[in-house]
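Biologist: I'd like to learn how to read a few features off a model. Could we start with how buried and exposed are told apart?

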Amino acid sequence: MLPNLDFNDNESLGYYTTFDKLFRNFILHKANDDQDLTIEVSFGYNEGNFEPSDIQVAAHEYLVTNGNQILETLVRYLKQHEEYFMEFYGNYIETWHEYTTRQGKKSRATYKYGFPAVKNAYQLINYFTISEIQISDEGADGMACISFIGSCTWEEEHGFGAVFHKSKLLLVGDKDHAYYASLDEIAKDALQKRIVHFFKLELLPDRKKRLSEESATVHVENPEAYTTLFDWLVQHKMIFGYRNTPVDLNTQEKIVLLTQIKRLTFNGQSLETIPSSIQLLKSLTLLSFSLNKIKTIPLEVCMLPSLRTLTIVHNPLERIPKQLSMLTNLEFLTIKNSGLQFLPEKIGTMHQLKLIDVSSNKLTALPSSFGELTQLTRLVLHNNSFTSFPEVLLGLPQLKNLNISLNQLTSLPESIHKIQSLT
């Protein structure tokens, strides 16, 4: 029997429940008692009807009756492929950073990154949350699909999502993959074939075979540079298959693998330098080196043509190269807690930037070219040294979210109303 339903902010019918009511078997394995265990259950769009369809009601009844079985399927899948997830997202680390507030008080911030190694699959529930369960308007055999949506330590930016039909896991991905699963051809294909789709997953034997086939056409002038970079990435546990399962690859196969790497996350590894050969990673879209000891961003990072996300947190940066503006495809730039005093003068040429987070630095002004960032929607200047409002922001047409708290402002200009897109 359905509980009382109401429309949520997304105009979907739903109600609130708690983790322990749906997944009682997992409560004993939860180590975080202070975690919010509230879950919103919602029913996807149903052609304007004001009540769930029959297949949604059937799926809801199955969820309430078999919640433990559904969640167990998910954690067992994650445990089964833990080596891949560790490679792709990095090993789980939990570290802390001490800092002094403007009031002179000592404080500590804790950071949790990566995919964890656990002995029992049930323990994985401590590393991801389920904040929403969405029951789709599509399904099969008289029952709709069910999506779990939440956050996780290994994908902070895009969150976590999984799609089920009954207790069969169809798809694992980020939040968007789960939200739009009813419209996703991958999910439909998984439903028909009864197989799991992880949109990034490639099993080790499959990768070995593919690398062997693709290496036949590889010809480069500096194979030694690729080999050196490959060994460095292996040393820092960034190459799949070299953590628990050593596999021999020839030079050509290593080159193919390197040119196809898309994400690198070096968090909490005490790195002092990044090799110049990193510029060989032409497909790299995300680079993160937080909680390290890097003083200078190497010029070669500015030569990564596909880079979309650059994250640098808690590094003793002495400078940022002016060539950073060469990253014209960059969309998300985060440089936090790193002693930064200046941004590159030509940052305005990075026209694809949507988010800039330079909080907890020593900035006092923004470059004049900042006003050319026409796609910028979110700017975080929190905890810097601004004494006046940067009027260069007044011309940003897409800026919706601005955080300039904990600075030394005494007033705001009347012209701030010119940022009409602020929400």
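Modeller: Sure. Buried means under 20% relative accessible area, exposed means over 50%, and partly exposed is in between, using a 1.4 Å probe and protein chains only. Before we apply that: this is a predicted model, so local features need pLDDT of at least 70 and side-chain atom pairs count only at pLDDT 80 or more, while totals for chains, interfaces and linings use all residues. Residues are numbered from 1 along each chain as its sequence is written, and side-chain values use heavy atoms, with hydrogens and water left out.

Biologist: Okay, try me on a residue. What is the relative accessible area of E72?

Modeller: E72 comes out at 23%, which makes it partly exposed. R76 is also partly exposed, at 48%.

Biologist: And how do I recognise a salt bridge?

Modeller: Look for a side-chain nitrogen of Lys or Arg within 4 Å of a carboxyl oxygen of Asp or Glu. That rule gives seven salt bridges here. One of them links the side chains of E72 and R76, at 2.8 Å from N to O.

Biologist: Where do E72 and R76 sit relative to each other?

Modeller: Both belong to helix α2 (residues 54-80), four residues apart, so about one helical turn separates them. Helices here are DSSP runs of H or I with at least four residues, strands are runs of E with at least two, and both are numbered from the N terminus. Helix α6 (residues 204-214) holds another such pair, E214 and R210, again four residues apart and about one turn of the helix. Their side chains meet at 3.4 Å, N to O. E214 is partly exposed at 30%, and R210 is partly exposed at 22%.

Biologist: What about a salt bridge between loops?

Modeller: Take E331 and R308, whose side chains meet at 3.9 Å, N to O. E331 is in the loop between β13 (309-313) and β14 (332-336), and R308 is in the loop between β12 (286-288) and β13, so the pair ties together parts 23 residues apart in sequence. Shared partners join R308, E331 and K354 into one network of salt bridges.

Biologist: Now strands. When do two of them count as paired?

Modeller: When DSSP finds at least two bridges between them. Strand β8 (residues 160-165) and β9 run antiparallel, joined by five bridges; A162, for example, has V172 in β9 as its bridge partner. The two strands form a hairpin with two residues between them, and K166 in the turn has a positive phi of about 55 degrees.

Biologist: Why is β9 described as largely enclosed?

Modeller: Because five of the six residues of β9 (residues 168-173) are buried, the rest of the structure largely encloses that strand.
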